[in-house]
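Trainee: I would like a close look at one part of this protein. Please take a single turn and walk me through it, with the surroundings.

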Amino acid sequence: MMPLTMVKVGEHNTIKKVGGKEETRRFLENLGFVAGSIVTVVSVIGGNMIVNVKDSRVAIGKDMANKIMV
């Protein structure tokens with residue numbers, strides 16, 4: 001298990017766990033980051049990431065990406 005920030009661009013991974021405070025977890029779950037979902041990193045710019053999750057493209061910061069374990 002590793003944080004989403006360690007994933008290579010274009011690689012498909014399954015989300016194992018979403019960490020952080022309850023408020024942060026709920027926010028990420030509302031964006032589609034739930035355990036069992038497939039996530040693909042589209043691009044990384046300055047530590048910020050654009051990812052595909054549940055047929056949506058989402059931009060998240062490095063701090064949020066570190067809370068998503070794949």
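**A turn and its surroundings**

Mentor: From the N terminus on, the elements run β-β-α-β-β-β-α-β. That gives two helices and six strands. Keep in mind that this is a predicted model.

Start with the whole protein. Its C-alpha trace spans about 30 × 25 × 25 Å along the principal axes. With 70 residues, a compact globule would have a radius of gyration near 11 Å, and the protein has 10 Å, which agrees. Of the 70 residues, 34% count as buried. The protein exposes about 4300 Å², and carbon and sulfur atoms supply 52% of that area. Now take the contacts between residues at least 6 apart in sequence. Of these, 54% join residues at least 24 apart. There are charges too, 10 positive and 6 negative. The mean positions of the two sets are 5 Å apart.

Now the turn. Look at strand 4, residues 48–53, and strand 5, residues 56–60. These two strands run antiparallel, and five bridges join them. One of the pairs to find is valine 53 with its bridge partner in strand 5, serine 56. Two residues lie between the strands of this hairpin. Lysine 54 is in that loop. Aspartate 55 is in the loop between strand 4 and strand 5 as well.

Check the backbone next. Most residues other than glycine have a negative phi. Lysine 54 is not a glycine, yet its phi is positive, about 50°. Aspartate 55 also has a positive phi, near 60°, and is likewise a residue other than glycine. Find both residues on the model and follow the chain through them.

Are these loop residues buried or exposed? The cut-off you need is this: exposed means over 50% relative accessible area. Lysine 54 has 52%, so it counts as exposed. Aspartate 55 has 85%, so it is exposed as well.

What does the turn touch? Go to serine 37. Serine 37 sits in another loop, the one between helix 1 (22–31) and strand 3 (38–45). Leave out residues up to four places away in sequence. Serine 37 then touches Val53 and Lys54, among others. So here is a link between two loops to trace: serine 37 lies between helix 1 and strand 3, lysine 54 lies between strand 4 and strand 5, and the two residues touch, because their heavy atoms come within 4.5 Å. Serine 37 also touches Asn13, Thr14, Ile15 and Gly32.

Is serine 37 buried or exposed? Buried means under 20% relative accessible area. Serine 37 has 8%, so it is buried. Its contact partner lysine 54, by contrast, is exposed.

Stay in that loop for one more residue. Alanine 35 is also found between helix 1 and strand 3. Its relative accessible area is 58%, so alanine 35 is exposed. Beyond its neighbours within four places in sequence, alanine 35 is in contact with Ile15 and Lys16. Alanine 35 and lysine 16 are 19 residues apart in sequence. In space they are 5.0 Å apart, C-alpha to C-alpha. Ile15 appears in both contact lists, that of serine 37 and that of alanine 35.

Technical notes
Residues are numbered from 1 along each chain as its sequence is written. This is a predicted model: local features need pLDDT of at least 70, side-chain atom pairs count only at pLDDT 80 or more; totals for chains, interfaces and linings use all residues. Side-chain values use heavy atoms; hydrogens and water are left out. Helices (H or I, at least four residues) and strands (E, at least two) are DSSP runs, numbered from the N terminus. The radius of gyration is taken over C-alpha atoms; the globule rule is 2.2 Å times the number of residues to the power 0.38. Buried means under 20% relative accessible area, exposed over 50%, partly exposed in between (1.4 Å probe, protein chains only). Accessible areas come from the Shrake-Rupley method with a 1.4 Å probe; for residues, only the protein chains shown count as cover. Lys and Arg count as positive and Asp and Glu as negative; His and the chain ends are not counted. The place of a charge is taken as NZ of Lys, CZ of Arg, CG of Asp or CD of Glu. Two strands pair if DSSP finds at least two bridges between them.
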